[in-house]
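Please work through the exercises below with the sequence and the model open beside you. Try each task before reading its solution.

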Amino acid sequence: MHRVASSGSNGGSVRARKEKKLTYVLNDANDTQHCAGVNCLDVLKSSVSSDQSYLFTGSRDGTLKRWSFDEDAPLCSATFESHVDWVNDAALAGDSTLVSCSSDTTVKTWDSLSDGVCTRTLRQHADYVTCLAVAANNCNVVASGGLGGEVFIWDIEAALSPVTKANDSTEDSSSNGANGLGSSQPVASLRNVGSSNNISVQSSPSHGYAPTVAKGHKESVYALAMNDTGTTLVSGGTEKTGRFCLSGSSDSMIRLWDLGQQRCLHTYAVHTDSVWALACTSSFTHVYSGGRDQSLYLTDLGTRESVLLCTKEHPIQQLALQDDSIWVATTDSSVERWPAEVQSPQKVFQRGGSFLAGNLSFNRARVSLEGLNPPPAYKEPSITIPGSHPIVQHEILNNKRQILTKDAADSVKLWNITKGVVVEDFGKISFEEKKEELFEMVSIPSWFTVDTRLGCLSVHLETPQCFSAEMYSADLKVSGRPEDDKINLARETLKGLMGHWLAKKKHKPKPQASASGDILSVKDSKKNPTASKSEDSSAANDPVYPPFEFPSVSPPSIITEGSQGGPWRKKITEFTGTEDEKDFPLWCLDAVLNNRLPPRENTKLSFFLHPCEGSNVQVVTLGKLSAPRILRVHKVTNYVVEKMVLDSPLDSLAIDGGPQPLFAGNGLLPSGSKPWQKLKPSIEILCNNQVLAPEMSLATVRVYIWKKPEDLILKYRVAIAR
């Protein structure tokens, strides 16, 4: 605590450039389940080389999962984690390549039979990528469409750069999420389908590649379909064979198109709300459809006869046929397989309950059940792959280390974000009542932001704001530290998140001086020659304190980006130790390796300290004082006591006209103690005429007691005997 000038100026300041942020995603105990709605499905059927069938699912939680089945019991055999936003579509290109697209604007390819290895990242779209199409007999050809109206056709084995957007970084080699690691792989080529209803060929001498450019879409593209050889692409539809194409729309209609005549042949009014998913039989005689009305229908395209297969509790987003069953994905995190008689759809109609599909929306001409809702043909699914309930509500508690959450099943949990674990599961209770019960009168700066877009907690750290919060070691129950030792919450959290990386890094051989090596140390040595090479001797070897130890089972994932390659996502236990500033933000490495934090604002608080009115207690200070925001009131008390005893005769203190018993203790002077510690006055600190608890911080007093924008005013007096 020290005096500061009554007035002054901060001087000229330059606004810093926007730094890249670091996000960590907290996983629940069972991370083999999706924790948000499932957007896409695809089935890898058994082949001659493998008698095992797999189901692949992509979710709004940003991951894909591979499911195998042992006697119909689903098992998550791999998680594919690299996308940093919703996975919107996925498709199998051949037997070993899985292609996915995301709201993070990327298309990624994966080794579908691996443990989740991302083999390539394609960065060409300018907006969300919403849909994919793969040629069944030419697995090298993949089309992607997105919100920007762009459609790209990728030859994933080609080694040529695309002509359009030639200056952008189009392709990244990646290994399970972290971009820019290892040697560069060939850049994928593409054909662009843009906007204006024509197809043109453009030459590109610089790249030696003549792409096909087709223009037509002026708005977003939501669905694509491609013929088996990859020579014909339909955008806007979801199923296509030969000359016919089916489309589903937000007007609740299903339409059958003749591509040769370029007109709509038939309209089917089956649903009462938007149609979001279609799946056709191989003969293109029947279509399965689902959508926002939470119903799955089977429709005979020839006779117009429809039957309700099942009803769900959530809107249906995707369908996938497998043998005689159909997989159904919804906005819920679970996936179900239902009987569908795919090989012989007529068997479903023989069960009864069918009706004729009308041709006007919301006006169904049902023959057998006029005016009545048809009963579903099936009541229960044959297989259910359960998911975790997504978080739908959250509240950051005042201690800025815990978050209260409520999921879609109304279960309330308390999370500790500096450890990444659930502190307590309260079950189904009132969220608001529990929030009030957990209220603490404490003020700590907001050092992070949080959202639940992925269905789980995503904690965002941005410099320099994230380094604004400090706590005393004693308050965090960190032993072996001095009483006044302060711990920066963000710095220790980063150390905990990167503990596995640091451990792997220490065991890596040191790079040669001439190699690219540790660029961070090179840059640091230019700024401060004495600080270089410090990571191995000091900060990097600091232990991770218990309040910041993250679990190795269901560990959190980091989402960030460095100087190259774009954003990536990876579990903290999967780092190799080779990652550097090309992968991590420089400010993050500087904090973890060198314990060097950026300049911070508002870490100190100014206040005045006066004696209470009407008392004869001496004035111990003049002017304004400054102290850390986390300084406790008992420290202010000690300051007053020390000033009163050391700066004045002991018998001169009086209050209300007479001498008072100002000193506590047994009168004995412990060895090594100062004289004033033997004769300690009983002092109270007040604010707004309210006696302050000794454990309160100055920041807490300002927020909850003072409640004014002006500088804090504290008053002191000799404690009144009670």
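Three exercises follow, each with a worked solution.

The model is predicted, so local features need pLDDT of at least 70, side-chain atom pairs count only at pLDDT 80 or more, and totals for chains, interfaces and linings use all residues. Residues are numbered from 1 along each chain as its sequence is written, and side-chain values use heavy atoms, with hydrogens and water left out.

**Exercise 1. An open sheet**

Task: Find the order of the five strands in the open sheet, and state which strands lie at its edges.

Solution: Begin with the terms: helices (H or I, at least four residues) and strands (E, at least two) are DSSP runs numbered from the N terminus, and two strands pair if DSSP finds at least two bridges between them. The order is 39-40-2-43-44, with antiparallel pairing. At the edges are strand 39 (449–451) and strand 44 (568–571), each of which pairs on one side only. Neighbouring strands of this sheet are turned by 25° against each other on average, with direction ignored.

Next, look at one pair: strand 2 (residues 22–25) and strand 40 (residues 458–461) run antiparallel and are joined by four bridges, and Thr23 stands opposite His460 in strand 40.

Finally, add the helix: helix 3 (residues 489–497) lies across strand 2, strand 40 and strand 43 (557–560), and runs at about 60° to strand 2. Axes here are lines fitted to C-alpha atoms, for helices over the stretch in contact (heavy atoms within 4.5 Å), and angles run from 0 to 180 degrees between N-to-C directions.

**Exercise 2. Annotated spans**

Task: Locate the feature "repeat: WD" and describe the chain over residues 80–111 and 122–157.

Solution: The unreviewed UniProt entry places this feature at residues 80–111, 122–157 and 246–267; such annotations may be inferred rather than shown by experiment. Residues 80–111 are 0% helix and 62% strand, with end C-alpha atoms 9 Å apart. For residues 122–157 the figures are 0% helix and 61% strand, and the end C-alpha atoms lie 12 Å apart.

**Exercise 3. Backbone exceptions in loops**

Task: Is Phe284 buried or exposed, and is Asn689 buried or exposed?

Solution: First recall that most residues other than glycine have a negative phi, and most peptide bonds are trans. Phe284, in the loop between strand 26 (275–280) and strand 27 (286–291), has a positive phi near 60°. Phe284 is buried (under 20% relative accessible area, 1.4 Å probe, protein chains only), because its relative accessible area is 12%.

Asn689, in the loop between strand 51 (683–687) and strand 52 (690–691), has a positive phi near 65°. With a relative accessible area of 74%, Asn689 is exposed, a word that requires over 50%, while values in between count as partly exposed.
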